[in-house]
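Q: I would like to go through the evidence behind the labels on this model. Please show the sequence and structure.

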Amino acid sequence: MHNNILDDIKTRYSIMDICNRLNIKVKNKIARCVCPENHNNNDKKPSMGIDAINNRFKCFACGISGDIIELVKYSKNISFKEAVEWILGYNPYKNNNNEKTPERSRREDYISNMYNEPKEENKKINKVDNVKRFDVEPVNDINDTQDNKKNIYKDFLRLLIPAFEAKTALEYFEKRAINIDILSTYPVYFLEKESKSIIKSLKAKYNDDELIKSGILEWSTKTNSSYLFCYNHPIVFPFYIGEDIVYYQVRRLDDEVPKYKQIKRPIQVQYNWNIVEYGDKGDTIFITEGISDCLSLASLGYNNVIAVLGVNNFKDIWIKSLLKYNIVLAFDADTAGEQATKKIAMKFLEYGNIVKTIDKSNWSKINVKDINEYLINNKG
Ligand SMILES: [Zn+2]
């Protein structure tokens, strides 16, 4: 089968739908492994991460991973070809003869159409590319631009790999005492490809102006050319609202400055905000100062952690969405952290809500000022 067709199948069918069809229950992006024989206890405590953005899965206990075809292959214990056919809707169990049923003809037409489609699209993209320099920016097309930005962010993420699949990223987090099991529940990605190839893929679909406006590319006046905003910062943290990605923060592997970089656009939500979007009334939600502390608190076994990027970036408009929860502030044990804790607690109090803070009473004794230091201190 032609590679284009396979690539198309791998992206056209969402892994969530495939899981549904396979009767795999996914909760918080985690499911029981499809190879229970690899596990003691049939993987009772689920360890297979489902990555709906990249349409991939990975079991972080036994290590099997792959795309939707692999998932079907493993879970039904069938061949690659049978898995492809199963996804497309053939029933390899019932129809073992080669009889050309109407359904089969329809599927075959469908496959040949899939083969033609990308070519047509490429033509269109080239046309747009040729005229872009002479286009005048539309003035009141704000929604279009927003949608476009979302698409660019999504396409950018597809070019990365989940951190739990990247050796370098795993080493980075292990060095910082982060429990790597949590990387399949918290959105963390890794830039493995060269930025050149990332830029090339994005430019096949978007023009320079769109990419620069989105913040994914930045403009260098020195070289008079654009570059990938995170080329030195390969650890990538996407910020979601529902399925949409609205923002990125990125981090270097070493401790050169700036350690972190952000998309140069206004920030709408905190990191891991979807637990605020989809949580139940009365849930406890922890707010940390930065993503490193967020992952550290999660590593210590706390669920439902979100992160504000610096205490001074806490926005009052977020409070209304947080009121139905039991909020615990987990900021640093320094002056800025203490002041922000007081200030934000007072704002919640205006709505009649009393926020809690984590217990930092023994931090000064063990010379610890934030959660990551506490975690490292606790581990060894
Ligand atoms: Zn497994």
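Q: What makes strand 2 and strand 3 a pair?
A: Two strands pair if DSSP finds at least two bridges between them. Strand 2 (residues 48–51) and strand 3 (residues 56–59) share 4 bridges, in the antiparallel sense. Isoleucine 50 stands opposite phenylalanine 57 in strand 3. The model is predicted: local features need pLDDT of at least 70, side-chain atom pairs count only at pLDDT 80 or more, and totals for chains, interfaces and linings use all residues. Residues are numbered from 1 along each chain as its sequence is written.

Q: Which strands are the edge strands of the sheet in the order 1-2-3-4?
A: Strand 1 (30–31) and strand 4 (65–66), as each pairs on one side only. The sheet is open and its pairing antiparallel. Strands are DSSP runs (E, at least two residues), as helices are (H or I, at least four), numbered from the N terminus.

Q: How do you know that the length of helix 13 agrees with its residue count?
A: The expected span is 1.5 Å times one less than the number of residues. For the 15 residues of helix 13 (residues 335–349) that gives 21 Å, and the end C-alpha atoms are 21 Å apart, so the two agree.

Q: Which residues of helix 13 are buried?
A: Ala340, Thr341 and Ile344. Buried means 20 or more other C-beta atoms within 10 Å of the residue's own, exposed 12 or fewer, partly exposed in between; C-beta atoms are placed from the backbone.

Q: Why are they said to line one face?
A: Seen down the axis of helix 13, the buried residues fall within an arc of 105° (taken from the directions from the axis to the C-beta atoms), so they line one face. The face turned away carries exposed residues, including Lys342 and Lys343.
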